[in-house]
2 protein chains.
Amino acid sequence: MKQMDKEHYLIHRLSSKYIGDDAAVVGEKIYSMDAFFEDTHFKRAWMSMAQIGRKAMLVNLSDAVAMNAEPDYALVTVSLPQDVTTEQIDELTRSLEETASEYGCEIIGGDTVAGDKLHLSITLISHSDDPLLRKGLEEGDLLAYTGTLGESKRDLDRLLNGEKIAEDSRFFEPMLQREFVQKARPFLSAGMDISDGLYCDTNKLLDMNEYGFAILNSISDDIGFSGEEYEMLVGFKKVHLERLKSIAEACGTTLTVFAEVAKNSRRFPCKSHHFKD
Amino acid sequence: MKQMDKEHYLIHRLSSKYIGDDAAVVGEKIYSMDAFFEDTHFKRAWMSMAQIGRKAMLVNLSDAVAMNAEPDYALVTVSLPQDVTTEQIDELTRSLEETASEYGCEIIGGDTVAGDKLHLSITLISHSDDPLLRKGLEEGDLLAYTGTLGESKRDLDRLLNGEKIAEDSRFFEPMLQREFVQKARPFLSAGMDISDGLYCDTNKLLDMNEYGFAILNSISDDIGFSGEEYEMLVGFKKVHLERLKSIAEACGTTLTVFAEVAKNSRRFPCKSHHFKD
């Protein structure tokens, strides 16, 4: 079994009915946990401690945002290598706290451990009275994504080639579509954030709903395989298209329709987006 | 700054008022997170996957038990090395789920990530209508611990020497004092589980309460420095001593008084208990 398959295998071995979405919905509480590990998700040479703390928190906040939830509390576990200085610890913790705070979230605990690498695991405790789930697609629903895709993979490839990328690159600074999700929620059938790439994540959404698709606008592989975008992938009834396009525009983003949900078993090609797999 | 000091430094940089106990108490909800990392807390050569999963979950459950809380839900993040087989993943997840289940707790989510080492981070969501906190000691309170201490360090030293230890060693299988904590709660001023050793953990309890101590029964270093015991360290008014001893006996354990809380700044010697620091 390939490494990425093993990771999925582990999660699927767990029997809980709560597993399958970006987060577990238990009543109005929403619990999510995401790892941000050195040499899997980032290299320390690429990013400042402030950037590492910020992205680690943003990719976690994205789980809550994608489900139309408000993040309330965070727990953070950090594995600290010997060579990290107290100044770097200050920079990391400040960045984690400030980023959480922008979304109304407070770090209330966690754990620290000595380790060879700088690994972060973050748990978020959120709430929502109307969570957006992955399940809920119906035949004929349109599939669309927000914003532009492709920059994250392009810049990751540049970093892997030893090149520099812009300080404000999507790879460092995901743009979460919080306002769009909040306003669009009543008109959406299903949705999730794009973390593994549009191709893989569309497959996941279709798996969950046991549908396939018909392509409406072809996607280039530069877009389809770009992971860690943290834009939204959404499904909705055709009748809501114009309204959702207006909401996107009002939120300073765009909505690109690419497929229609159909009764078939069609899937996109999917391969891992992380550099270590 | 030494590595262990850096780990504490990071946690103390976080400003939340919820930080300081084994877990964060928010209303009746109790949130805790603990790492169980390869080559910091265990070596894979020492333990089966079932033992790793079980201990990882038990040290987390101990946070809830120590606060007189009922664990409801768990999130588990696992970093999976390439050489872990699917059979080992089965063994690990089964052990995590079964151990959680013994305490009425369900794994509802988490994350998996490729990595060089087998690292586990677990978050527990618990509840309590009468949590046992670290704060609450008063002058004259007695300090005592449950059960016997010393086996965990003795067996860790044996493992580090390349020797074998018993399958049922405390190092593999911490004994959580759940029943004792539940029954004793009304008569306790403060308490915590013993994870860093009786010396270090007594210091933490005294720091939190801004007291010192007078020794009543001397402790050997074999006991004082033995970490990862997960027995309970408790403080209580003298008037409750006999009753608490009876409760301990009824729960099949013992209660050993070793000090009295006093207005001084006395502390025990404290050094890290993990083998990698």
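# Exercises on a predicted two-chain model

The side chains of A:Lys117 and B:Asp116 form a salt bridge, with N and O 2.4 Å apart. The model is predicted. The exercises start at this contact and then move to other parts of the structure.

## Exercise 1. The interface of chains A and B

Task: Describe the contact between chain A and chain B by residues, area and polar pairs.

Solution.

Step 1. Count the residues. On chain A, 61 residues are in contact with chain B, and 61 residues of chain B take part.

Step 2. Take the area. About 5,300 Å² is buried between chain A and chain B. Carbon and sulfur atoms give 62% of this area.

Step 3. Find the leading contributors. A:Leu10, A:Tyr31 and A:Met33 supply 12% of the area that chain A buries against chain B. No other three residues supply more.

Step 4. Count the polar terms. There are two salt bridges between chain A and chain B. One of them pairs B:Asp116 with A:Lys117. Polar contacts between the two chains number 18 residue pairs, taking both residues at pLDDT 80 or more.

Step 5. Map the elements. On chain A, the side that touches chain B draws at least two residues from each of helix H1 (3-13), strand E1 (24-26), E2, strand E3 (70-80), helix H3 (86-102), strand E4 (106-114) and strand E5 (119-127). E4(A) gives the largest share of that side, nine residues.

## Exercise 2. The annotated binding site

Task: Which residues of chain A does UniProt list for "binding site", and why do they gather at one spot?

Solution.

Step 1. Read the record. An unreviewed UniProt entry lists A:Asp22, A:Ser32 and A:Asp63 for "binding site".

Step 2. Compare sequence with space. The three span 42 residues in sequence, but no two of their C-alpha atoms are more than 6.9 Å apart, so they gather at one spot.

Step 3. Place A:Ser32. This residue sits in strand E2 (residues 29-37) of chain A. Its relative accessible area is 2%; buried means under 20%, so A:Ser32 is buried.

Step 4. List the neighbours of A:Ser32. Leaving out residues up to four places away in sequence, A:Ser32 touches A:Asp22, A:Ala23, A:Asn60, A:Asp63, A:Ile122, A:Thr123, A:Leu124 and B:Leu75. That list includes A:Asp22 and A:Asp63 from the record. It also includes B:Leu75, from chain B.

Step 5. Repeat for A:Asp63. Helix H2 (residues 49-66) of chain A holds A:Asp63. A:Asp63 is buried, at a relative accessible area of 5%. With the same exclusion in sequence, A:Asp63 touches A:Asp22, A:Ser32, A:Asp34 and A:Asp193.

## Exercise 3. The disulfides

Task: How many disulfides does the structure hold, and which parts do they link?

Solution.

Step 1. Count. Over all chains there are two disulfides.

Step 2. Take chain A. A:Cys200 and A:Cys270 are joined, with their sulfur atoms 2.2 Å apart. The link of A:Cys200 and A:Cys270 is right-handed, with 105° about the S-S bond. The pair connects distant parts of the chain: A:Cys200 in helix H6 (residues 198-209) and A:Cys270 in the segment after strand E10 (255-262), 70 residues apart.

Step 3. Check exposure in chain A. A:Cys200 is buried at 4% relative accessibility. A:Cys270 is partly exposed at 42%.

Step 4. Take chain B. B:Cys200 is joined to B:Cys270 by a disulfide, S to S 2.1 Å. This link is right-handed as well, with 105° about the S-S bond. B:Cys200 lies in helix H6 (residues 198-209) of chain B and B:Cys270 in the segment after strand E10 (255-262), so the pair ties together parts 70 residues apart in sequence.

Step 5. Check exposure in chain B. B:Cys200 is buried at 3% relative accessibility. B:Cys270 is partly exposed at 43%.

Step 6. Look at two further cysteines. B:Cys105 is buried at a relative accessible area of 5%. B:Cys251 also counts as buried, at 15%.

## Exercise 4. Positive phi

Task: Where do A:Asp39 and B:Glu228 lie?

Solution.

Step 1. Take A:Asp39. This residue is not a glycine, yet has a positive phi of about 70°. A:Asp39 lies in the loop between E2 and H2 of chain A.

Step 2. Take B:Glu228. Its phi is positive, near 55°, in a residue other than glycine. B:Glu228 is in the loop between helix H7 (221-224) and strand E9 (232-236) of chain B.

Step 3. Add exposure. B:Glu228 is buried, with a relative accessible area of 4%.

Key:
Residues numbered from 1 in each chain as written. Chains lettered and ligands numbered in written order. Heavy atoms only, no water. UniProt positions renumbered as here; feature names shortened; annotations may be inferred. Helix = DSSP H or I, 4+ residues; strand = E, 2+ residues; numbered from the N terminus. Buried < 20%, exposed > 50% of the residue type's maximum accessible area, 1.4 Å probe, protein only. Contact = heavy atoms within 4.5 Å. Disulfide = S-S within 2.5 Å. Buried area = accessible area lost by both parts, 1.4 Å probe. Salt bridge = Lys/Arg side-chain N within 4 Å of Asp/Glu carboxyl O. Polar contact = N/O pair within 3.5 Å; in protein donor to acceptor, adjacent residues only side chain to side chain.
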